[in-house]
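Q: I'd like to learn how to read a sheet in a model like this one. Could you walk me through it?

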Amino acid sequence: MAREKFQTLTEQMFYILLCLRQEQCGADIMARVSELTHGRVSVGPGTLYNLLESFLSAGYIAETKVEGRKRSYLITEAGQKALEDEYRRLRTLAADYEALTGGADT
């Protein structure tokens with residue numbers, strides 16, 4: 001169960017950063033993650049807020065606009081690097097899986 005949650009959180013983080021290549025507000029991010037993953041990954045407001053705060057602290061994103069309670073964000077160079085590192089890590093895992101299974105679906 002915890003492993004499933006971790007994988008989901010990792011996916012949420014990956015897709016949020018991917019969405020922020022263009023300036024987006026929270027509601028747009030939630031909708032875009034669902035759209036990109038055909039509903040397979042969803043992000044609730046609480047999780048999104050916590051992740052955005054973590055990304056801000058880590059320097060992965062920057063706040064670009066504040067209009068009342070609506071805030072917009074954009075990925076930074078550090079965030080882009082983190083996204084690319086995660087992409088490479090996932091590609092390596094996929095290649096290892098292919099090597100171990102001989103490409104057979106299980």
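Q: How many bridges join β1 to strand β3?
A: Happy to help, and keep in mind that this is a predicted model. In general, the strands of a sheet pair through backbone hydrogen bonds, in either a parallel or an antiparallel way. Here β1 and β3 (residues 70-75) are joined by two bridges and run antiparallel. To find one on screen, start at Gln 24, whose bridge partner in β3 is Tyr 73.

Q: What packs on the sheet?
A: That is helix α3 (residues 45-58), which touches β2 and β3. The helix direction makes about 120° with that of β2.

Q: In what order do the three strands lie?
A: The order is β1-β3-β2, in an open sheet with antiparallel pairing. β1 (24-25) and β2 (61-67) each have a single partner strand, so one side of each lacks a neighbour in the sheet.

Q: Let's take one residue of β3, Ser 72. Is Ser 72 buried or exposed, and why?
A: A residue counts as buried under 20% relative accessible area. Ser 72 has a relative accessibility of 8%, so it is buried.

Q: Which residues is Ser 72 in contact with, leaving aside neighbours within four places in sequence?
A: The list holds Glu 23, Gln 24 and Cys 25, together with Ala 62, Glu 63, Thr 64 and Lys 65.

Q: Where is confidence lowest in the chain, and where is it highest?
A: Helix α1 (residues 2-19) is lowest, with a mean pLDDT of 81, while α3 is highest at 94. For the chain, the mean pLDDT is 88, and 92% of the residues reach 70 or more.

Methods:
Residues numbered from 1 in each chain as written. Predicted model: local features only at pLDDT ≥ 70, side-chain atom pairs only at ≥ 80, totals over all residues. Heavy atoms only, no water. Pairing = 2+ DSSP bridges. Helix = DSSP H or I, 4+ residues; strand = E, 2+ residues; numbered from the N terminus. Contact = heavy atoms within 4.5 Å. Axes fitted to C-alpha atoms, helices over the stretch in contact; angles between N-to-C directions. Buried < 20%, exposed > 50% of the residue type's maximum accessible area, 1.4 Å probe, protein only. pLDDT = per-residue confidence, 0-100.
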